[in-house]
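Work through the exercises below with the sequence and the structure side by side, and try each task before you read its solution.

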2 protein chains.
Amino acid sequence: MKSGKRATVHDIAAAAGVSRGTVSRVLNGGYVSAAARAAIERAIREVGYVPNTAARNLVMQRSQAIGFIVLEPHSLFLEDPNIGGIMLGANATLSAADYQMVNLVVDSERDTARITRYLSGGFVDGAIIVSARSHDPIIQVVGGLALPSAFVGHPRDLHPEIPYVGIDNLASAEEITRRLVTTGRRRVGMIAPAVDRDSGADRLIGFRRALGPLFDESLVAEVPLYDFACGAKGMRTLLERDPTIDGVFAGSDAVAAGAMEALREAGRSVPADVGVVGFDDSSWAQRTRPTLSTVHQPAGDIGEHAADLVLRQLRGEDIPQRGLLLPSPIVWRASA
Amino acid sequence: MKSGKRATVHDIAAAAGVSRGTVSRVLNGGYVSAAARAAIERAIREVGYVPNTAARNLVMQRSQAIGFIVLEPHSLFLEDPNIGGIMLGANATLSAADYQMVNLVVDSERDTARITRYLSGGFVDGAIIVSARSHDPIIQVVGGLALPSAFVGHPRDLHPEIPYVGIDNLASAEEITRRLVTTGRRRVGMIAPAVDRDSGADRLIGFRRALGPLFDESLVAEVPLYDFACGAKGMRTLLERDPTIDGVFAGSDAVAAGAMEALREAGRSVPADVGVVGFDDSSWAQRTRPTLSTVHQPAGDIGEHAADLVLRQLRGEDIPQRGLLLPSPIVWRASA
DNA sequence: GTCAAATGTGTGAACGTGCACACACTAGGA
DNA sequence: TCCTAGTGTGTGCACGTTCACACATTTGAC
């Protein structure tokens with residue numbers, strides 16, 4: 001696979017005139033004289049030595065890899081603007097710590113079996129789990145294995161020993177909805193995607209809380225997915241239920257874009273007739289006309305923190321607080 | 001890390017009443033009696049034995065990992081609708097063959113140094129390289145190492161022994177541009193992103209070829225990136241150079257969306273005043289108003305084929321043809 | 001001058017696997 | 001009977017590393 005042979009500890013021990021043990025000690029810390037250390041470091045530099053991962057992993061009983069488990073269909077993996085950013089953030093932190101990130105997208109039943117085997121096979125030392133739902137079998141495996149891991153998001157009532165990182169969906173939803181009310185909107189509805197997921201459920205609760213006495217059950221349109229089509233469909237439902245609707249909180253930017261499309265079809269203008277706000281601050285938000293007021297999700301930071309949470313468990317540190325909620329500031333643009 | 005100890009070949013050899021060697025043989029093929037095989041397979045199933053990757057990798061002198069190298073800034077990694085699909089396709093094929101995909105995003109100079117070390121360190125057995133440019137140092141490293149690899153895209157005049165997979169940018173660009181001409185457009189321009197990349201350059205050549213005598217150098221606006229902002233800027237440039245322009249081929253869907261935005265600002269209607277076509281068939285294409293006619297890129301297939309190309313080299317098969325061009329059908333929608 | 005602690009260094013064993021080799025048994029032909 | 005080929009099986013070694021242990025040298029206190 002390579003030109004010649006890879007250099008080993010033996011080679012550089014010979015080159016530096018010391019033994020394997022001493023080389024190992026300069027690599028991993030321990031008592032080494034200044035002279036020996038200098039000679040060894042010089043030899044390492046000259047030969048271009050890199051320790052063999054497989055040998056190290058074998059003796060250390062670890063894999064030096066972290067699984068990045070996405071419990072979503074492949075298509076959604078692509079659509080969701082956040083997952084990519086989270087992945088990149090996690091990857092950056094992990095590779096800086098010399099860990100390798102292994103992507104595991106769990107879509108079909110077959111995937112579940114494969115990944116379960118993979119996880120129990122000691123192929124990874126830890127896991128970052130995205131889009132977890134309580135009932136998922138993968139979660140049970142991770143919990144049972146006591147694999148150092150972190151959730152992205154906040155799955156309720158499940159494995160309370162596993163830390164999580166996310167944003168305060170509830171508070172942010174409440175805050176952005178309140179803006180609709182304070183700017184005079186009186187018939188405010190919500191297009192609520194994925195209420196079976198903690199993020200979706202929390203956004204709905206925040207919305208309800210912001211509205212208080214103004215809340216009207218009939219002005220909530222639940223839709224399955226965080227996407228454009230669901231947004232358009234949800235908006236049409238709301239318009240049908242109450243044509244006097246003058247404000248909408250969409251559960252995501254893609255949903256908001258769909259809603260604006262439906263409003264345009266219905267001849268309503270945004271924000272004059274209806275105020276619209278979204279969630280995510282994804283690339284959608286700046287492409288809609290008018291541009292979208294929304295909640296900014298710090299995807300990269302979330303990924304970095306999730307990775308950090310796993311790394312800290314691996315180092316044996318204990319995690320002070322179970323949950324970590326990152327700031328998700330509101331970005332005011334033109335749609336409300 | 002796990003409850004108790006992982007089972008090893010010894011354990012299941014003992015359980016089945018045979019020796020390590022025989023167990024190894026049922027795992028890797030060889031002469032084994034039916035009785036022994038049955039006993040061993042039963043033991044494996046009962047104990048839930050999974051071979052230790054590190055030990056196997058150590059003795060086999062390989063890492064069982066393939067690098068997925070993206071030579072782009074992180075931001076572009078997220079923006080580019082194709083990369084995600086390619087990644088998913090490659091990941092699926094690789095993990096089906098029990099290989100692990102390691103994401104390596106090369107952005108800064110520091111990344112280059114780290115990845116170079118990583119590649120030469122034997123951490124990966126092969127590489128899939130996306131968005132290669134001829135001058136990139138990483139390419140030199142891969143070439144020098146003779147690492148089994150495949151390009152996504154078609155970098156010209158560089159390492160002719162490395163196979164590639166992609167689409168025929170030239171032919172597709174020519175075909176979709178021709179449509180503008182046959183539907184009566186006479187002043188047809190192009191917003192040409194990333195002409196320093198093979199994909200960008202080929203699309204420009206295809207455009208020129210389709211136009212033939214109608215081609216006008218002044219109606220080509222070169223822009224650096226495949227994104228919305230560049231599309232808007234490019235369109236404004238074209239409108240300025242020739243207000244009678246009636247057709248535009250945008251180098252990507254994001255660029256086309258930006259162009260349509262600029263056209264709207266300038267009070268032109270699409271497709272009545274100006275016909276617009278894009279490239280990629282990304283999620284942009286169905287979000288524009290009107291929806292975009294574009295070239296469909298089979299991103300998942302490209303990833304699968306690239307992975308397959310690497311796997312075949314690893315198996316020692318020789319690759320019959322150097323380049324593999326996948327079909328990229330045109331999708332006709334409303335914008336032209 | 002002796003002992004103990006601190007500082008360095010070398011050596012053997014172990015991690016779990018695959019592979020080459022030695023060996024055992026059977027069957028069939030000369 | 002002997003040899004050869006085919007079919008099975010067990011054993012030793014190697015892969016490259018880390019770690020525990022044994023040992024050597026220096027330092028400093030009593």
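**Exercise 1: the surface near the DNA**

In this predicted model, α4(B) gives the most to the surface near DNA strand C, namely five residues. Find out which other helices take part, and describe the residues of this surface.

Solution. Begin with the elements that each supply at least two residues: in chain A these are α2 (20-28) and α4 (53-60), and in chain B they are α1 (9-16), α2 (20-28) and α4 (53-60). Next, look at the whole set of 27 residues that surround DNA strand C, among which Arg20(A), Ser33(A), Val9(B), Arg20(B) and Tyr49(B) are the closest. Finally, sort the residues of this surface by character, which gives 13 nonpolar, ten polar and four charged.

**Exercise 2: backbone or bases**

Determine what share of the atoms of DNA strand C within 4 Å of the protein belongs to sugar or phosphate, and then look for contacts to phosphate oxygens.

Solution. Of the DNA atoms within 4 Å of the protein, 67% belong to sugar or phosphate, while the rest belong to bases. Turning to single contacts, a polar backbone atom of Val9(B) lies 2.6 Å from a phosphate oxygen of DNA strand C, and a polar backbone atom of Asn52(B) is 3.1 Å from a phosphate oxygen of this strand. Asn28(B), by contrast, uses a polar side-chain atom, which is 3.3 Å from a phosphate oxygen.

**Exercise 3: a strand and its partners**

Which strands pair with β4(A), and in what sense?

Solution. First take strand β3 (residues 126-130) of chain A, which pairs with β4(A) in the parallel sense over four bridges; here Ile129(A) has Phe151(A) as its bridge partner. Then take strand β5 (residues 164-167) of chain A, which is also parallel to β4(A) and pairs with it over two bridges, with Tyr164(A) standing opposite Phe151(A). Following the chain, β3(A), helix α8 (residues 137-145) and β4(A) make a right-handed β-α-β unit. As a last step, check the two faces of β4 (residues 149-152): Ser149(A) and Phe151(A) on one side are buried, and so are Ala150(A) and Val152(A) on the other.

**Exercise 4: a serine in a loop**

Why does Ser328(A) count as buried?

Solution. Locate Ser328(A) in the loop between β11 (323-326) and β12 (330-331) of chain A. Its relative accessible area is 10%, and because buried means under 20%, Ser328(A) is buried. Beyond its neighbours within four places in sequence, Ser328(A) is in contact with Ile167(A), Asp168(A), Ser172(A), Val295(A) and His296(A). With Ser172(A), the side chain of Ser328(A) makes a polar contact of 2.7 Å.

Definitions and conventions:
Residues are numbered from 1 along each chain as its sequence is written. Chains are lettered from A and ligands numbered from 1 in the order in which they are written. This is a predicted model: local features need pLDDT of at least 70, side-chain atom pairs count only at pLDDT 80 or more; totals for chains, interfaces and linings use all residues. Side-chain values use heavy atoms; hydrogens and water are left out. A residue is near a molecule or strand if one of its heavy atoms lies within 4 Å of it. A polar contact is a pair of N or O atoms within 3.5 Å; within protein, one must be able to donate a hydrogen and the other to accept it, and residues adjacent in sequence count only if both atoms are side-chain atoms. Ala, Val, Leu, Ile, Met, Phe, Trp, Tyr, Cys and Pro count as nonpolar, Asp, Glu, Lys and Arg as charged, and the others, Gly among them, as polar. Buried means under 20% relative accessible area, exposed over 50%, partly exposed in between (1.4 Å probe, protein chains only). Two strands pair if DSSP finds at least two bridges between them. A crossover is right-handed if, with the strands pointing away from the viewer, the path from the first strand over the helix to the second runs clockwise. Contact means heavy atoms within 4.5 Å.
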